Amino acid sequence: MKQLFDREEIQETNKLFVVGTDTGVGKTLVSRTFARLLVNQGMNVRVVKPLESGCETKDGKLYAEDAEALREAAKLSDNVEVCRYKGERPVTPAEALGDKAPTLDEIQLLLEHVEAEESDFVLAEGAGGLMVPYGKDGLLIELLAALQWPVLLVGRSSLGTINHVLLSLLALEKYQIPVFGVVLNRHQEALAPDEAKNPYWITQYEDVRPFIFPYIKPEQQQDTEVLAALVESRAPSFCDAVYSLIPDEEDDEDVEETEETKDQTVAENKNAEEVTEEKKEDATSEESASAEPTPEDESDDSKEGADLQKKGPETKKE
């Protein structure tokens, strides 16, 4: 399994898709934190959750709770579309949307349009696990394979997660989907005996080191600023991974210097070409001038005869 933890490679893509080993593992909690940490560092983060099921009706419209939580975390205005396809029943998206379910191509087109918008980073969130019927004609993992966005896999930290994480990584590897990392989300305050060694066993079979997302009390999860601050103090490794996606000012200066150097090189090459052309023209003129016949020009035979006449007959010495 290739872990896409190359900061330059991730910075070039500027996008990430958060997926889960199952439903209810904490994808939205992790995504909210991820987005706010970047926003607090001055990044313009565009969040998107293409499909959401289990939506309640408010004011006669379906309300996508998870998508709205992502909007708040990224500090986006209300006129920005975060979730386009909403289903009422708490079932897989394709089932919840029924005849209104989009195709995978339509979802991909939506995400590509979001990617084309002006933002520093795009953070997308899936629904359920990797193998859920996502669009009317395919699974979520098939969409991920077509997109080729790096994914962040979120799973529980409790019993059963080794199996769920390894199966999910195996599926991602089969579809050749790049993996940014794995997050194990703690759902209870006290560390259970089965939780302590789960990260260790995952690393024994896959080349990835899971990040531990700390337990945060439900009342503390409501305020995204409080949530981000608590995670920052309790999970430095996870936060370092998030911050590694922020371009350094030095990198920006290097880019500016590179562009400046390119411009300078182009100008120098242009000047050199102009000088070369001038030299060629001068050389051509000289050749043309030397090639023109003059009254003084004579054949080789004439020159030899003239020389003999000047010298006269040779005197034989005895």
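## A friendly tour of a predicted model

Thr103 sits in the loop that joins helix H4 (93–97) to helix H5 (104–116). Please keep in mind that everything here describes a predicted model. With a relative accessible area of 22%, Thr103 is partly exposed. Thr103 has a partner that is distant in sequence: Gly138 is 35 residues apart from it along the chain, while the two C-alpha atoms are separated by 7.5 Å.

A second pair of this kind involves Gly54, found in the loop between strand S3 (51–52) and strand S4 (56–58). Gly54 and Gly87 are 33 residues apart in sequence, and their C-alpha atoms are 6.1 Å apart in space. Gly54 counts as partly exposed, at 37% relative accessibility.

### Salt bridges

How many salt bridges does a search of the whole structure find? The search finds nine. Three of them are set out here, with the distance between the closest N and O atoms.

| Salt bridge | Closest N and O atoms |
|---|---|
| Asp22 and Arg156 | 3.5 Å |
| Arg36 and Glu225 | 2.7 Å |
| Arg46 and Glu117 | 2.8 Å |

Let us begin with Asp22, which forms its salt bridge with Arg156. Asp22 lies in the loop between strand S1 (15–20) and helix H2 (27–39), and Arg156 belongs to strand S10, so this pair ties together parts that are 134 residues apart in sequence. Both ends are partly exposed: Asp22 has a relative accessible area of 29%, and Arg156 has one of 25%.

Next comes the salt bridge between Arg36 and Glu225. Arg36 is in helix H2 and Glu225 is in helix H10 (residues 224–234), so the pair ties together parts that are 189 residues apart in sequence. Is Arg36 buried or exposed? Arg36 is buried, with a relative accessible area of 4%, whereas Glu225 is partly exposed at 34%. This pair also belongs to a wider arrangement, a network of salt bridges that links Arg36, Glu72 and Glu225.

The last pair in the table is Arg46 with Glu117. Arg46 is part of strand S2 (residues 45–48) and Glu117 is in the loop between H5 and strand S7 (121–129), so the pair ties together parts that are 71 residues apart in sequence. Arg46 counts as buried, at 7% relative accessibility, while Glu117 counts as partly exposed at 36%.

Another arginine worth visiting is Arg71, in helix H3 (residues 65–74). Arg71 counts as buried, with 8% relative accessibility, and its side chain makes a polar contact of 2.9 Å with the side chain of Glu68.

### Helix H6 and what follows it

Which residues of helix H6 (residues 140–147) are buried? They are Leu140, Ile141, Leu143, Leu144 and Leu147. These residues cover an arc of only 155° around the axis, which puts them on the same side of H6. The pattern makes sense because an α-helix has 3.6 residues a turn, so residues three or four places apart point the same way.

After H6 comes Gln148, whose phi is positive, near 60°. Gln148 has this positive phi although it is not a glycine. It is found in the loop between H6 and strand S10 (151–156), and Gln148 is partly exposed with a relative accessible area of 38%.

Gln176 also has a positive phi without being a glycine, in this case about 55°. Look for Gln176 in the loop between helix H7 (161–174) and strand S11 (179–185). At 64% relative accessibility, Gln176 counts as exposed.

### Cysteines

How many disulfides does a search of the whole structure find? It finds zero. Take Cys55 as an example: the closest cysteine sulfur to its own is in Cys83, and at 5.9 Å it is too far for a bond. A disulfide would need the two sulfur atoms within 2.5 Å. Cys55 counts as buried, at 3% relative accessibility. Cys239 is buried too, with a relative accessible area of 2%.

### A nonpolar patch on the surface

To finish, turn to the outside of the model. Which residues make a nonpolar surface patch of about 360 Å²? The patch is made by Tyr200, Trp201 and Tyr205. Trp201 is found in helix H8 (residues 198–205), and Trp201 counts as partly exposed at 38% relative accessibility.

Key
Residues numbered from 1 in each chain as written. Predicted model: local features only at pLDDT ≥ 70, side-chain atom pairs only at ≥ 80, totals over all residues. Heavy atoms only, no water. Patch = residues over 30% accessible without salt bridge, like charges linked within 9 Å, V, L, I, M, F, W, Y side chains within 5 Å. Areas by Shrake-Rupley, 256 points an atom, 1.4 Å probe, with all protein chains shown as cover. Salt bridge = Lys/Arg side-chain N within 4 Å of Asp/Glu carboxyl O. Helix = DSSP H or I, 4+ residues; strand = E, 2+ residues; numbered from the N terminus. Buried < 20%, exposed > 50% of the residue type's maximum accessible area, 1.4 Å probe, protein only. Arc of directions from axis to C-beta. Polar contact = N/O pair within 3.5 Å; in protein donor to acceptor, adjacent residues only side chain to side chain.
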